[in-house]
Amino acid sequence: KQEMIEFGKRVADYLDDARKANKLNKLLIVAAPAFLGELRTHLSAETREIIAFELDKNLAHHDEKDIRQHLSKFFT
């Protein structure tokens, strides 16, 4: 659990830094439900504002085609 908390903090910091550097203007987040919940607790309000889509599924073992199907409305 502690490792997930620390990883969530690092990911949130990375995304916040990227947003501040204007490297992100829209964010799609796909993560396992437990990690997505943890990540949400660490994201800044400004970074949460650019989230366009969230999917609470673990797709780590899925191939690119399957992942694109889950995100089809963003890939035309």
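## Overall architecture

Of the 76 residues in the protein, 30% are buried. The model is a predicted one. The protein contains 4 helices and 2 strands, which follow one another along the sequence in the pattern α-β-α-α-β-α.

The C-alpha trace extends over about 30 × 30 × 15 Å along its principal axes. Among contacts with a sequence separation of 6 or more, 65% are accounted for by residues 24 or more positions apart.

## Packing of α1 against α2

Two packed helices are described by the angle between their axes and the distance between the axes. In this model, the axes of α1 and helix α2 (residues 33–42) cross at roughly 55° and come within 8 Å. An angle from 35 to under 65 degrees falls outside the parallel and perpendicular ranges, and α1 and α2 are therefore oblique to each other. The crossing of these two helices is right-handed.

On the α1 side, the contact is made by Met-4, Ile-5, Phe-7, Gly-8, Lys-9, Val-11 and Ala-12. On the α2 side, Ala-34, Phe-35, Glu-38, Leu-39 and His-42 take part. Classified by residue type, the contact of α1 with α2 comprises 8 nonpolar, 2 polar and 2 charged residues.

## Salt bridges within α1

Side chains of opposite charge can pair when their charged atoms come close. The structure holds 6 salt bridges. One of them joins Lys-9 to Glu-6, with the closest N and O atoms 3.7 Å apart. Both residues belong to helix α1 (residues 2–20), where a spacing of 3 residues places them about one turn of the helix apart. Lys-9 counts as partly exposed because its relative accessibility is 35%, and Glu-6 is likewise partly exposed, with a relative accessible area of 33%. Lys-9 also appears among the α1 residues that make the contact with α2.

A further salt bridge in the structure links the side chains of Arg-19 and Asp-16, at an N to O distance of 2.5 Å. Arg-19 and Asp-16 are 3 residues apart in helix α1, so about one helical turn separates them. Asp-16 and Arg-19 are also linked with Lys-20 in a network of salt bridges.

## The surroundings of Arg-19

Is Arg-19, a residue of helix α1, buried or exposed? Arg-19 is buried, because its relative accessible area of 18% lies under the 20% limit. Its salt-bridge partner Asp-16 is buried too.

Residues up to four places away in sequence being left out, Arg-19 touches Leu-24, Ser-44, Glu-46, Thr-47 and Ile-50.

## A salt bridge in α4

Helix α4 (residues 64–70) contains both Arg-68 and Glu-64. The side chains of Arg-68 and Glu-64 meet in a salt bridge with an N to O distance of 3.0 Å. These residues are 4 residues apart, about one turn of the helix.

How does the accessibility of Arg-68 and Glu-64 compare with the cut-offs? Arg-68 is partly exposed, with a relative accessible area of 37%. Glu-64 counts as exposed, because its relative accessibility of 54% is over the 50% limit.

Note on methods: Residues numbered from 1 in each chain as written. Predicted model: local features only at pLDDT ≥ 70, side-chain atom pairs only at ≥ 80, totals over all residues. Heavy atoms only, no water. Salt bridge = Lys/Arg side-chain N within 4 Å of Asp/Glu carboxyl O. Buried < 20%, exposed > 50% of the residue type's maximum accessible area, 1.4 Å probe, protein only. Axes fitted to C-alpha atoms, helices over the stretch in contact; angles between N-to-C directions. Parallel < 35°, antiparallel > 145°, perpendicular 65-115°, else oblique. Left-handed = near helix turned anticlockwise from the far one by under 90°. Contact = heavy atoms within 4.5 Å. Nonpolar A, V, L, I, M, F, W, Y, C, P; charged D, E, K, R; others polar.
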